[in-house]
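Biologist: I would like to learn how to read helix packing, a chain interface and the surroundings of DNA strands in a model like this one. Could we go through them in turn?

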Protein chains: 2
Amino acid sequence: MVERMAVYPGRGLHGEVVARLGLRIIRGDYPPGSIIDIDGLEPEFGVSKTVVREALRVLGAKGLVDSRPKRGTFVRSRDAWSLLDSDVMRWRREAQRDDDRLLADLSELRDAIEPAAARLAAMRRTEDDLVALGSAFDAFAAAGQDIDRLVAADLEFHLRLLAATHNELYTRLDVVIVHALEARNRIQHHPEARWMDPVPDHEAVLDAVRAGDPDAAERAMRFALRDSDEDLRAGEPPFESDPGA
Amino acid sequence: MVERMAVYPGRGLHGEVVARLGLRIIRGDYPPGSIIDIDGLEPEFGVSKTVVREALRVLGAKGLVDSRPKRGTFVRSRDAWSLLDSDVMRWRREAQRDDDRLLADLSELRDAIEPAAARLAAMRRTEDDLVALGSAFDAFAAAGQDIDRLVAADLEFHLRLLAATHNELYTRLDVVIVHALEARNRIQHHPEARWMDPVPDHEAVLDAVRAGDPDAAERAMRFALRDSDEDLRAGEPPFESDPGA
DNA sequence: CGTTTATAAAATACTAAGAAATGAAAACAA
DNA sequence: TTGTTTTCATTTCTTAGTATTTTATAAACG
């Protein structure tokens with residue numbers, strides 16, 4: 001099983017402050033440019049100034065805030081935020097500010113990354129990669145109607161594929177896959193809306209990667225993503241395409 | 001001009017510690033799993049324990065370290081590092097540990113991202129985007145033999161293109177472009193190795209984006225990237241392809 | 001009148017020392 | 001062996017105070 005771990009919250013009191021402040025900023029409670037009253041924050045969270053400062057350092061490391069003598073601690077403009085950071089992404093989803101737009105952005109990024117990753121994986125996969133991909137696929141196929149197992153196996157498969165590129169930067173884009181799938185699964189909640197069977201699409205990708213056929217792998221992945229997108233569009237606004245009925 | 005700003009170093013004493021420790025970790029001075037003696041660090045950097053702690057918080061936010069009671073503060077395994085973080089990327093390049101591999105990884109990522117970005121840009125570009133792209137291109141064409149101006153305009157063009165996608169996640173992948181170009185320019189230092197004229201390739205991209213033709217934009221970008229890669233291969237190992245001469 | 005140079009103040013930045021909480025491992029008991 | 005308690009190293013947090021940086025203001029100067 002692939003392990004992933006978010007950094008914040010966790011690890012003590014200050015992590016709590018990081019999480020809550022980060023969420024607030026992303027939610028827009030403190031608009032960019034506005035100054036955060038850190039002395040007022042201290043009693044609010046019931047922690048000492050040191051903890052607040054450490055939390056702000058962490059948020060600063062993720063591009064959310066900056067602080068200078070005489071000017072104060074302020075929220076940086078949105079284009080300074082590390083939007084690809086795992087925590088920032090999670091806070092964004094928790095804020096549910098623009099979940100639709102986020103999902104759209106994530107999907108567009110997947111469209112670029114995953115076919116290319118499939119291509120690279122077909123060229124570079126090791127025996128271990130194939131074993132991992134194979135077992136993820138098997139779990140996928142064996143999940144049947146169990147939504148949770150299905151979702152987990154789906155994620156596992158795509159992450160293993162990224163890893164099989166043996167390109168660390170592709171591998172680190174796992175955050176895109178994780179949140180794209182989570183966001184999608186939230187929308188696609190109603191189980192009775194039987195979507196297209198995803199197993200054949202994934203099998204085609206796996207076969208191409210096994211065969212070491214880059215072109216086929218890329219093509220199969222494009223196909224799988226398109227099918228998945230269609231499911232999504234079909235799942236969301238019920239029968240929007242049939243207003244006359 | 002597009003503004004970019006690295007977060008660390010800067011902003012006081014603690015930023016210095018962050019930068020130096022980050023570089024050390026990425027350079028491999030403290031191998032993953034090893035425990036960092038923070039009490040010993042204190043006199044070494046000549047700062048108080050608080051500053052060391054804040055620096056470690058920042059590094060923790062970027063996935064480089066973690067610390068737990070009774071176990072100590074330790075370097076996390078490499079696959080926890082935020083390799084897409086701007087600072088981590090810079091430290092990696094400063095460490096020059098595996099600059100070749102990094103450049104290869106970056107190029108492979110560009111191959112996936114930029115054609116897709118060109119496609120999106122062709123569909124979504126605003127009038128402002130076209131003005132910005134146009135002036136970047138003009139600066140590019142007018143740079144002549146001035147390497148520095150040429151490099152700056154090149155970067156500007158590609159960043160503007162990312163921005164024209166109007167997809168924040170694509171836009172934030174600017175870090176990939178920035179470091180890919182910087183790493184490339186370091187290798188491609190010798191100016192007399194006259195590479196292929198890059199202006200026509202960029203012009204084709206610009207024209208397609210102007211015309212709102214996604215397919216043409218994607219194609220043109222692929223073409224430009226391929227030419228650029230060939231320049232690189234031609235520039236590095238002199239005449240390796242002609243061992244018999 | 002405009003420009004440079006001192007001054008003041010507001011906020012962060014840093015230091016220092018100690019108390020509290022945590023959790024891993026050892027000691028102990030069943 | 002297995003489960004429970006105790007120990008203790010280490011981080012975590014608190015508190016209080018000092019230093020530094022930067023901006024804005026005002027004064028001196030040409």
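Modeller: Let us begin with the handedness of one helix pair, bearing in mind that this is a predicted model: the crossing of α2(A) and α3(A) is right-handed.

Biologist: How should I describe such a pair in general, and at what angle do the axes of α2 and α3 of chain A cross?

Modeller: Two packed helices are described by the angle between their axes and by the distance between those axes. Here the axes of helix α2 (residues 38–45) of chain A and helix α3 (residues 49–61) of chain A cross at roughly 110° and come within 9 Å. Since angles from 65 to 115 degrees count as roughly perpendicular, α2(A) is therefore roughly perpendicular to α3(A).

Biologist: Which residues of α2(A) and α3(A) meet?

Modeller: From α2(A) come I38(A), L41(A) and E42(A), and they meet K49(A), V52(A) and L56(A) of α3(A). Sorted by character, the residues of this contact of α2(A) with α3(A) comprise four nonpolar and two charged ones, with no polar residue.

Biologist: Turning to the interface, how many residues of chain A are in contact with chain B?

Modeller: In chain A, 28 residues are in contact with 28 residues of chain B. On the side of chain A that touches chain B, the elements giving two or more residues are α3, α5 (99–124) and α8 (168–172) of chain A, and the largest share, nine residues, comes from α5(A). That side of chain A divides into 13 nonpolar, five polar and 10 charged residues.

Biologist: Which residues are the closest to DNA strand C, and which elements supply at least two residues of the surface near that strand?

Modeller: Of the 19 residues that surround DNA strand C, the closest are G12(B), L13(B), S48(B), T50(B) and P69(B). The surface draws on both chains, with at least two residues each from β2 (65–68) and β3 (72–75) of chain A and from α1 (13–27) and α3 (49–61) of chain B. Its residues divide into six nonpolar, seven polar and six charged.

Biologist: And which residues come nearest to DNA strand D?

Modeller: Around DNA strand D there are 20 residues, of which G12(A), L13(A), S48(A), T50(A) and P69(A) come nearest. Two or more residues of this surface come from each of α1 (13–27) and α3 of chain A and β2 (65–68) and β3 (72–75) of chain B. The largest share of the surface near DNA strand D, three residues, comes from α3(A), and the surface as a whole divides into six nonpolar, seven polar and seven charged residues.

How values were computed:
Residues are numbered from 1 along each chain as its sequence is written. Chains are lettered from A and ligands numbered from 1 in the order in which they are written. This is a predicted model: local features need pLDDT of at least 70, side-chain atom pairs count only at pLDDT 80 or more; totals for chains, interfaces and linings use all residues. Axes are lines fitted to C-alpha atoms, for helices over the stretch in contact, and angles run from 0 to 180 degrees between N-to-C directions. Helices (H or I, at least four residues) and strands (E, at least two) are DSSP runs, numbered from the N terminus. Angles under 35 degrees count as roughly parallel, over 145 as roughly antiparallel, 65 to 115 as roughly perpendicular and the rest as oblique. A crossing is left-handed if the near helix is turned anticlockwise from the far one by less than a right angle, and right-handed if clockwise. Two residues are in contact if their C-beta atoms, placed from the backbone, lie within 7 Å. Ala, Val, Leu, Ile, Met, Phe, Trp, Tyr, Cys and Pro count as nonpolar, Asp, Glu, Lys and Arg as charged, and the others, Gly among them, as polar. A residue is near a molecule or strand if its C-beta atom, placed from the backbone, lies within 6 Å of it.
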